[in-house]
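The following report describes selected features of helix packing and of one loop residue. The sequence and the model are shown first.

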Amino acid sequence: MDDLNEQIRLHSAGATVRHKSTFADLTSYKNVDELSQGFIDTWAAPFYMRIGDTDDSWTNQLIQAKKKITKDIVVKLLGDFNWRTRQTGAFFAALKNFTDLTDIIGIHLLKSEVCYAGQVYAYTFASFNTEKSIDYLDRYLTYYLSQPDLWFDQRQAMESLTYLDKINGTNLISKHSDNWIKFIANKPYWDKNITTDRLESQLALIEKVKQQS
């Protein structure tokens, strides 16, 4: 029964696909203590389902929250083993431009321990636009495009690197183009074309919030 309960807990947290990867030896940042329900109700519950929205009510909610978001709050969110808190933490890191948290987010991305969060990690790295964040996207694609049975966040990582190439005048995505086509060969409903419209709308929202005092 204890094992069953643990399986249910992991599934709820987002660990829906168990996999071994070349990144297994990397150590993910994890909190020592569990987050209180009050903390979750304040810093995760009101936000995680709205990440991806761009309407005015969401923008205003973020502007008000940004005034109170601290690095400690973001680190605690990232250190919780749950997709809801982790993606919220990554999103807040983008809002506050906490680029010094790149390794925490990057290792989470590479290990892909929980579902849903990876797309936010990738978009956060597009927002950071640093050498290190770009390297994490490159490493992610190099490995996960070679794993066609892992339907993870390869598209969002491709979008992010494509966007960064566009604004930086680079062509890093070219090394992944052939592997992308091979990766989607068993995914008939995946569009092979990579567009950055959704990403750019998110980055525009993030930039708008960042500019507010």
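Where does Ser21 lie? In this predicted model, Ser21 is found in the loop that runs between helix 1 (2–13) and helix 2 (37–43). Its relative accessibility is 15%, and because buried means under 20%, Ser21 counts as buried. Leaving aside residues up to four places away in sequence, Ser21 touches Leu110, Tyr143 and Tyr144.

A second feature is the crossing of helix 3 (residues 56–66) and helix 5 (residues 83–96), whose axes come within 11 Å and cross at roughly 75°. Helix 3 is therefore roughly perpendicular to helix 5. The residues that meet there are tabulated by helix.

| Helix | Residue range | Residues in the contact |
|---|---|---|
| Helix 3 | residues 56–66 | Trp58, Leu62 and Lys66 |
| Helix 5 | residues 83–96 | Phe91, Leu95 and Lys96 |

By class, the contact of helix 3 with helix 5 comprises four nonpolar and two charged residues, with no polar residues.

Both of these helices also take part in the packing of helix 11 (residues 197–210). Helix 11 has 14 residues and reaches 20 Å from its first C-alpha to its last, which is close to the 20 Å expected at 1.5 Å a residue. The buried residues of helix 11 are Leu199, Gln202, Leu203, Leu205, Ile206 and Val209. These buried residues lie on the same side of helix 11, because they cover an arc of only 155° around the axis. They pack against helix 3 and helix 5, and also against helix 7 (117–128) and helix 9 (154–168).

Methods:
Residues are numbered from 1 along each chain as its sequence is written. This is a predicted model: local features need pLDDT of at least 70, side-chain atom pairs count only at pLDDT 80 or more; totals for chains, interfaces and linings use all residues. Side-chain values use heavy atoms; hydrogens and water are left out. Axes are lines fitted to C-alpha atoms, for helices over the stretch in contact, and angles run from 0 to 180 degrees between N-to-C directions. Helices (H or I, at least four residues) and strands (E, at least two) are DSSP runs, numbered from the N terminus. Angles under 35 degrees count as roughly parallel, over 145 as roughly antiparallel, 65 to 115 as roughly perpendicular and the rest as oblique. Contact means heavy atoms within 4.5 Å. Ala, Val, Leu, Ile, Met, Phe, Trp, Tyr, Cys and Pro count as nonpolar, Asp, Glu, Lys and Arg as charged, and the others, Gly among them, as polar. The expected span of a helix is 1.5 Å times one less than its number of residues. Buried means under 20% relative accessible area, exposed over 50%, partly exposed in between (1.4 Å probe, protein chains only). The arc is that of the directions from the helix axis to the C-beta atoms.
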